[in-house]
Amino acid sequence: MTEKDFIPVAYTNDKATGVVSYKSPSNIALVKYWGKKDHQIPANPSISFTLDHCATTTEVAYTKLEQAASDFSFDLFFEGKSKEDFKPKIKTFLNRIEGYLPFLKSYHFIIRTSNSFPHSSGIASSASGMSALALCLMELERELNPGMTAEYFNKKASFLARLGSGSACRSIEGDIIQWGSHEETQGSSDLYGIKYPYKVHEVFKDFQDTILLVDKGQKQVSSSVGHNLMHEHPFASQRFAQAHENLFKLQSVFEEGNLSEFIKIVESEALTLHAMMMTSMPYFILMKPNTLEIINKIWAFREASNTHICFTLDAGANVHVLYPANEKDLVIQFIKDELVAYCENGQYICDKIGYGARKL
Ligand code: PMV
C-alpha cells in the first residue's frame with residue numbers, strides 16, 4: 001500500500017454528532033527505532049511488544065459545524081483539566097493527517113484523555129496517546145464510510161498514529177508488532193506497523209515487563225531531537241544495518257524460543273540506542289547511576305539464578321525488566337529485594353505483553 005491508499009475518495013454517510021472512546025496501550029521496542037527521514041519514515045525497521053497496563057484512554061466528542069472552519073476547532077482536557085500546553089502538539093498532528101481525514105475542519109472536537117500510569121513517571125505517553133487519538137478519529141471515519149474493512153481500519157489507524165509519533169504506529173494491535181520496511185519480513189512497511197507474521201514460541205506469549213522508574217523527570221532529550229541526531233551521526237549506517245540484522249536474527253529466536261539469544265539481541269539494542277546518544281554531536285548520557293546499578297544487579301542475578309531476566313531501555317533512565325511468565329515469582333521477589341531501592345520513591349509498574357487497543 002502507498003500513502004495514496006489512505007486518502008478517502010468519498011464518504012457515503014453523514015454524521016452530525018457522536019462520542020467515541022478508545023484505550024490504547026504503550027509498547028516497548030526490542031529492536032529500536034532511532035533515526036527518521038521526512039514524513040515520519042523510519043531510518044530502520046523496529047519491533048516491539050505491545051504492553052497491557054500502560055495505556056491512554058481518549059474520548060472524542062464531535063459536533064459537525066454549519067460550515068467547514070478555516071482552522072481546527074478542538075478543546076483538550078487531560079485528566080479532567082483543560083490542557084492548553086498540549087494543544088500545539090495535537091494541532092501539528094491534525095495538520096499532518098488532514099490530507100487523509102478531510103473532514104477534520106468540518107467538526108468541533110472535545111478531546112478528553114488520561115493515562116493509566118502516573119503523570120510525569122518518565123514513561124513516554126506519545127505512543128499510547130497518539131494511537132488512542134488516531135483510533136478515535138478513524139472511528140468517526142468509519143461512521144462516514146461504514147463499508148471499511150477491519151484490516152483497512154487498523155492499517156490506517158497505525159498509518160495516522162505514525163504521523164503523530166513514530167512508535168505510536170506499533171500500539172494499535174498486539175502482541176508483537178513490526179514497523180519499517182525489512183527485506184526478510186513479508187508485508188513490512190515504512191508506513192504502518194504489522195502484526196509479526198511468523199511463528200512465535202509459547203515462551204514469548206505471556207512475557208512480563210516490570211518498568212522501574214529510576215528518574216521520573218522530564219525527558220532530557222525529546223525523541224524528535226534524538227532522531228535528528230542520527231542525521232550526521234558517524235555510526236548511522238552501521239547502526240541501521242545492525243537493526244535489519246537483529247530483526248532477521250529474531251525470527252529464529254522467536255520461532256525456537258531461544259531465550260539466551262533473545263537476551264543478547266534485546267540488551268545489545270538497548271545499549272546501542274544509548275551508545276548512539278553518547279556518540280552523537282551534541283552528546284547525551286541518559287542513563288543515571290541507578291540505571292547502571294540495576295543493569296549490573298540484573299546480570300548478577302541472571303547468572304546466579306539461571307533465570308532469563310533481561311533489560312531494555314527507552315531514551316531515558318528507566319529500566320524495563322523483561323522475563324518469561326513462568327519466572328515471575330522469582331523475579332518479582334528479586335525486584336523487591338534488590339532493585340526497588342534504585343527506583344525514585346520506590347516506584348515500579350508491573351506490565352506484560354498485551355493484545356492492542358480496545359474500543360470502549
Ligand atoms: O516515537 P518516538 O518518536 O517517540 O520515538 C521512540 C524511540 C524509542 O522509544 C527510543 C525507540 C522505539 O522504537 O520505541
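**Exercise 1. Find what holds the ligand's oxygen atoms, and say how far the protein covers the ligand.**

Step 1. Start at Arg170: an N or O atom in its side chain lies 2.7 Å from an oxygen atom of the ligand. That fits a polar contact, a pair of N or O atoms within 3.5 Å; within protein, one atom must be able to donate a hydrogen and the other to accept it, and residues adjacent in sequence count only if both atoms are side-chain atoms.

Step 2. Look next at Ser167, where an N or O atom of the side chain is 2.6 Å from a ligand oxygen atom. For Tyr33 the partner is a polar backbone atom, 2.9 Å from an oxygen atom of the ligand.

Step 3. Now the cover: on its own the ligand has 380 Å² of accessible area, and the protein covers 92% of this. Accessible areas here follow the Shrake-Rupley method with a 1.4 Å probe, and for residues only the protein chains shown count as cover.

A word on the model before going on: it is predicted, so local features need pLDDT of at least 70 and side-chain atom pairs pLDDT 80 or more, while totals for chains, interfaces and linings use all residues. Residues are numbered from 1 along each chain as its sequence is written, and side-chain values use heavy atoms, without hydrogens and water.

**Exercise 2. Sort the shell around the ligand by class.**

Step 1. The ligand has 14 residues around it, and Tyr33, Ser167, Arg170, Ser223 and His227 come nearest. A residue is near if one of its heavy atoms lies within 4 Å.

Step 2. The shell divides into five nonpolar, six polar and three charged residues. Ala, Val, Leu, Ile, Met, Phe, Trp, Tyr, Cys and Pro count as nonpolar, Asp, Glu, Lys and Arg as charged, and the others, Gly among them, as polar.

**Exercise 3. Describe the setting of Thr58: is it buried or exposed?**

Step 1. Place Thr58 in strand 4, which runs over residues 46-64. Strands are DSSP runs of E with at least two residues, helices runs of H or I with at least four, numbered from the N terminus.

Step 2. Thr58 counts as buried because its relative accessibility is 1%. Buried means under 20% relative accessible area, exposed over 50%, and partly exposed in between (1.4 Å probe, protein chains only).

Step 3. List its partners: the side chain of Thr58 makes a polar contact with that of Thr113 at 3.1 Å. Leaving out residues up to four places away in sequence, Thr58 touches several others, including Val20, Tyr22, Ile111, Leu133 and Cys136. Contact means heavy atoms within 4.5 Å.
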